[in-house]
Amino acid sequence: MKHLLGVEDLSREEMDLILERAQSFAEVGRRDIKKVPTLRGRTIVNLFYEASTRTLSSFELAAKRLSADVVSVKAAGSSVDKGESLKDTVATLSAYDPAAIVIRSPHAGAAGLVARWTEASVINAGDGKHEHPTQALLDVFTLRQRLDSLEGTNIWIVGDVLHSRVARSCLLAFRTMGAKVTLCGPPTLMPRGIEALGCEVSFDLDGLDQADVVYALRMQRERMSESFVPSLREYAARYQIDSRRLGPRQLLMHPGPVNRGVELSPEVIDSPQSLITAQVESGLVVRMAILYELLAGNDRARPERGQAPADTPTIGQPA
Amino acid sequence: MNVTANGSGSGAEGPKLISRPGPGADLIVRCARLFDPRTGLDALRDLVVRDGEIAEIAEPGSAPEVEGAEVVDGDGLLALPAFVDPHVHLRVPGQEHKEDLETGTRSAAAGGYCAVIAMANTSPPIDSAAILGSVRDRAEREASISVGFVANVTRGMAGQELTEMAELSEVGAIGFSDDGLPIANARVLRRALQYQRLAGGVIALHEEDPDLSAGGVMNEGEVSAALGMAGVPSVSESTMIARNCSLAVYEDARIHVQHLSARASVEEIARAKQAGVRVTCEATPHHLTLTDEAVRSLDARFKMNPPLRTEDDRQALIEGLRDGTIDCIATDHAPHAAEEKEVPFEEAAWGVTGLETAFAALFTDLVLPGVIPLELLVERMTCGGEPFGIEAPRLERGAAANVALIDPDLTWTVGEEGYESRSFNNCFGGRELTGRVLMTVAGGTVAFRQRSFALGVAS
C-alpha cells in the first residue's frame with residue numbers, strides 16, 4: 001500500500017492488516033510511555049482545507065506517537081488563501097520531502113490528485129462528500145472490539161446521507177467486512193441511485209429494531225435553509241435516535257461532532273450502548289496503524305529513506 | 001461554393017460566414033473512395049480541384065496531370081464532403097489563453113471541418129454590433145476555415161434584456177445564443193422569439209433549468225451517488241426543452257436545441273417535431289460515445305455541461321441520430337487552459353475540446369462496430385450549418401472544394417503528437433482511435449495537412 005485514498009480501493013486483507021496493526025498499537029497505548037520510534041526523522045504534513053478538530057488532532061497525535069516530525073497546514077492564514085492552486089501547494093510542501101501528506105479537502109478526488117503530484121504517501125482525511133476512509137476504518141475497529149466480527153451484522157446508518165462522506169466510506173467498509181447495511185434518512189437527503197452500492201434504503205425508522213448497530217450521522221443546520229427538511233423539529237421527530245428507539249442490545253455510533261437533541265437525544269449519547277468515545281480512542285490507534293503500514297511498509301522498498309534522520313529535512317530547516 | 005449562408009447562392013462566400021482569403025487549390029486526388037450520401041456518390045474516382053472548385057470527378061486514374069496541380073495519392077483513402085460544426089467556442093475576444101481564431105480554426109481543419117459556428121459566451125460576450133464587427137474583422141485575418149458568429153440573445157448574457165438583435169443580424173450574426181447559460185426567464189425568451197420575426201436568425205438554446213441543476217457537477221445517478229458529488233438531473237434539461245418548444249410553437253419561432261444529453265430530452269424533441277414545432281437539435285461525440293462511468297476516474301477532462309449521462313441516455317441519443325430526431329453532430333469544442341482543469345473535479349472548468357477527434361471517435365465507437373453506418377455519420381457531420389441557413393457541402397462538379405481526406409484504417413493515439421488547439425482538455429486524450437483526417441480543403445483552400453502526410457507527399 002502506497003496511499004490510502006478510499007475504502008473503495010481496499011481489500012478485506014488490507015483492512016485486516018491495518019486493524020491488526022491498530023490492535024498492537026492499542027496495547028502500546030496502555031503503557032506509560034506511549035511513544036515508539038518507528039517514524040523517527042520522517043516528516044508528515046497535514047494539509048487541511050476544512051476545519052477539523054478530531055481528525056486533525058488525531059492525525060497529529062498519531063504521527064507524534066510514532067516519533068515523526070509533523071507540520072499541519074490549515075487553509076486559513078496560509079498560501080492557499082492567497083489563491084495558490086492545490087498543485088502548487090503540494091509542490092511546495094513536497095520540497096520538504098515528506099513521507100506522507102494527509103489531506104482534507106472540500107472537493108471529491110483531491111487526495112487522488114495530490115497522489116499524482118507528490119512522491120509522498122497520500123492519506124485521504126476526507127475529500128468532499130466522497131470518502132473518509134480513516135473514519136470508516138476506525139469505526140470498523142471500534143465495532144470489532146465489541147462484536148469480534150461484523151459478518152452478518154445488521155447496521156443502520158441514519159441521517160443526512162447525501163452530504164456525508166462518512167456514510168459512503170462506512171457503507172463500503174461495513175459491507176467489505178460482511179455486514180448488511182441499511183441507509184435511512186429523509187428522501188431529500190438520500191442520493192438518487194445509492195442502492196447501487198449494495199445497501200437497503202429506508203425513509204423511516206421502521207425496522208430499526210432489527211439493527212445490531214445504529215450509526216447516526218451529523219445533521220447540519222444549514223440544510224434547513226436549503227429546504228432539504230422543513231425543520232429540525234420535524235427531522236428530530238422522525239429520525240432522532242433516542243432511548244425509546246434505541247434498544248438495550250443495540251450499539252450506537254456517531255462520527256462527531258454531535259448535535260445534541262437533533263440526531264441524538266442527550267441520554268443515548270451517554271448511554272452504555274454508545275461507542276462515541278471509543279470511536280475517538282480508536283481513531284488514534286487506527287491512524288497510527290495506517291501511517292505505520294504506509295510508511296514503515298515502504299521502508300523495505302525504499303531503504304535509503306526513513307532510517308537516516310540526519311539527512312531527512314524537516315520544517316524549520318529549509319531543504 | 002456550397003458553404004453559403006442564408007441561401008445566398010453558390011459561388012460566393014455567404015455573407016455570414018467569414019474566413020481569411022486563401023489561394024484556390026489545384027489538386028488531383030487520385031483513386032480515392034469518394035463518398036457523399038447527398039449526391040449518392042460512393043466510388044473510386046479521381047477528384048480534380050481547380051482553382052478551389054471541384055472541376056471534375058473522373059474515372060480512377062483517368063484525370064490528366066496538369067502543370068502546377070498537386071497530385072495526391074488517394075489509394076486507400078476516403079474523400080468526404082468536409083464537416084460543418086454548429087457549436088464551437090473559439091474564445092475570442094478575451095480568452096485567448098484558451099484558444100484564438102487561428103488555433104481554433106486550425107484545430108477544426110485538422111478534424112476535417114470546413115466551417116464552424118462560434119458561440120458568443122466570450123469575455124466580453126458578443127452582445128453588441130461593435131464586438132461582433134471586431135471578431136468578424138479578426139476572422140478575416142486569422143481564420144483558416146469559415147466561421148459564423150452567433151450573437152447573444154440577452155445583453156451581457158444576463159438573461160434580462162434583449163440585445164439589438166436586428167442590428168446584430170445586419171452586421172453578420174449568423175444566429176443568436178446565450179450558450180453556456182440557459183435563458184431561464186420564460187418571458188425574456190418569449191420576447192426574443194417574437195423579435196425573431198424582425199431580426200431573423202435561429203435562436204440556439206442551451207437547455208438547463210438552473211434551479212434544478214444548481215450545485216451539480218455531473219449527471220445525477222448511481223455514479224454521483226457513489227462519488228458523493230452533486231448531480232445535475234436529466235430533467236433539468238428535458239423540462240426546459242419542453243417549456244421552450246411550447247414557447248416556440250406559440251410564437252411560430254425557430255429554435256435550435258444544443259447538445260442533447262438525455263433520453264427524456266430526445267423524447268421531448270421527438271414529440272415537438274411531431275407536433276410541428278420548428279425545432280432542430282444536435283448531439284456531441286462525447287455524449288454519443290461516453291457515459292458518466294468515465295467520471296469515476298474523477299478526471300476533470302470528463303467534466304462538461306451538459307454532463308455525460310447513463311448508458312440508457314447514450315442509447316437514446318444514438319437512436320435519435322438514427323431516426324432523425326437529432327439533426328446534426330456538434331462538438332461543443334470548449335478549450336480550457338491546463339490550470340483550469342488540473343484541479344479537483346468539482347472545481348474544474350466545464351467543457352472539453354473535440355474538433356480534432358469528432359470524426360475518429362464516432363468512426364471508432366459507432367461506425368466500425370456497426371452501430372451506425374458511415375453514411376449517417378457523414379450526413380450528420382456535414383449538415384450542422386443547416387439550422388443556421390448554411391447548406392451542407394457536396395462532392396459534385398462545380399461546387400467549391402470542401403473536402404476531408406481521411407485514412408479510415410490509420411490508428412493513432414489521441415494527443416500523442418499534441419493538438420492543433422491551444423488547449424488539450426480532450427476527453428479522448430490517450431485513447432487509440434481509428435480514422436485520421438490527413439488533409440482538409442475548406443472553401444477551396446488547403447486548410448490542413450497532417451504532418452506525416454504532408455511529408456509523404458513531398459518525398
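In this predicted model, strands β5 (residues 154-158) and β8 (residues 213-216) of chain A run parallel and are joined by four bridges. One pair of partners along the way is I157(A) in β5 and Y215(A) in β8(A). The two strands belong to an open sheet of five strands in chain A, ordered β7-β6-β5-β8-β9, with parallel pairing. At the edges stand β7 (200-202) and β9 (251-253) of chain A; each has a single partner strand, so one side of each is left without a neighbour in the sheet. From one strand to the next, the twist averages 20°.

Chain A also holds an open sheet of four strands. Here the order is β2-β1-β3-β4, again with parallel pairing. Its edge strands are β2 (69-74) and β4 (121-127) of chain A, each of which pairs on one side only. The twist in this sheet averages 15° from one strand to the next. Strand β1 (residues 43-48) of chain A runs parallel to β2(A), and six bridges join the two. Opposite F48(A), the residue to look for in β2(A) is K74(A). A helix lies over part of this sheet too: α4 (residues 110-117) of chain A lies across β3 (100-105) and β4 of chain A, and runs at about 160° to β4(A).

Now for helix α5 of chain A, which covers residues 133-147. How far apart should the ends of a helix of 15 residues be? At 1.5 Å a residue, α5(A) should span 21 Å, and its end C-alpha atoms are indeed 21 Å apart, so the expected and computed spans agree. The helix is mostly covered, with eleven of its 15 residues buried. The buried ones are P133(A), T134(A), Q135(A), A136(A), L137(A), L138(A), D139(A), V140(A), F141(A), T142(A) and L143(A). Q145(A) also has its place in helix α5 of chain A, but this residue is partly exposed because 13 other C-beta atoms lie within 10 Å. Q145(A) and A278(A) are 133 residues apart along the chain, yet their C-alpha atoms are separated by 9.4 Å. Just after the helix comes D148(A), whose phi is positive, near 65°.

What does α5(A) pack against? One partner is helix α1 (residues 12-28) of chain A, which meets α5(A) at an angle of about 65°, with the two axes 10 Å apart. The crossing of α1(A) past α5(A) is right-handed. On the α1(A) side, M15(A), I18(A), L19(A) and A22(A) make the contact, and they meet L137(A), V140(A), F141(A) and R144(A) of α5(A). Sorted by type, the residues of this contact come out as seven nonpolar, no polar and one charged.

M15(A) deserves a second look. This residue lies in helix α1 of chain A, and it counts as partly exposed because it has 19 C-beta neighbours inside 10 Å, where 20 or more would make it buried. Leaving aside neighbours within four places in sequence, M15(A) is in contact with L10(A), L137(A), V140(A), A173(A) and T176(A). Two of the residues on that list, L137(A) and V140(A), are also among the α5(A) residues that meet α1(A). Another, A173(A), is 158 residues away from M15(A) in sequence but 8.6 Å away in space, C-alpha to C-alpha.

Chain B brings antiparallel pairing into the picture. Strand β17 (residues 403-413) of chain B runs antiparallel to strand β6 (residues 78-81) of chain B, joined by four bridges, and L80(B) has A404(B) in β17(B) as its bridge partner. With strand β18 (residues 432-442) of chain B, β17(B) pairs over eight bridges, also in the antiparallel sense. There, I406(B) has V437(B) in β18(B) as its bridge partner. β17(B) thus pairs with both β6(B) and β18(B).

Finally, the two chains touch. In this contact, 18 residues of chain B meet 21 residues of chain A. Which element gives the most to the side of chain B that touches chain A? That is helix α6 (residues 222-227) of chain B, with five residues. Taken together, the residues on this side of chain B are eight nonpolar, four polar and six charged.

Note on methods. Residues numbered from 1 in each chain as written. Chains lettered and ligands numbered in written order. Predicted model: local features only at pLDDT ≥ 70, side-chain atom pairs only at ≥ 80, totals over all residues. Expected span 1.5 Å × (residues − 1). Buried ≥ 20, exposed ≤ 12 C-beta atoms within 10 Å, placed from the backbone. Pairing = 2+ DSSP bridges. Axes fitted to C-alpha atoms, helices over the stretch in contact; angles between N-to-C directions. Contact = placed C-beta atoms within 7 Å. Nonpolar A, V, L, I, M, F, W, Y, C, P; charged D, E, K, R; others polar. Left-handed = near helix turned anticlockwise from the far one by under 90°.
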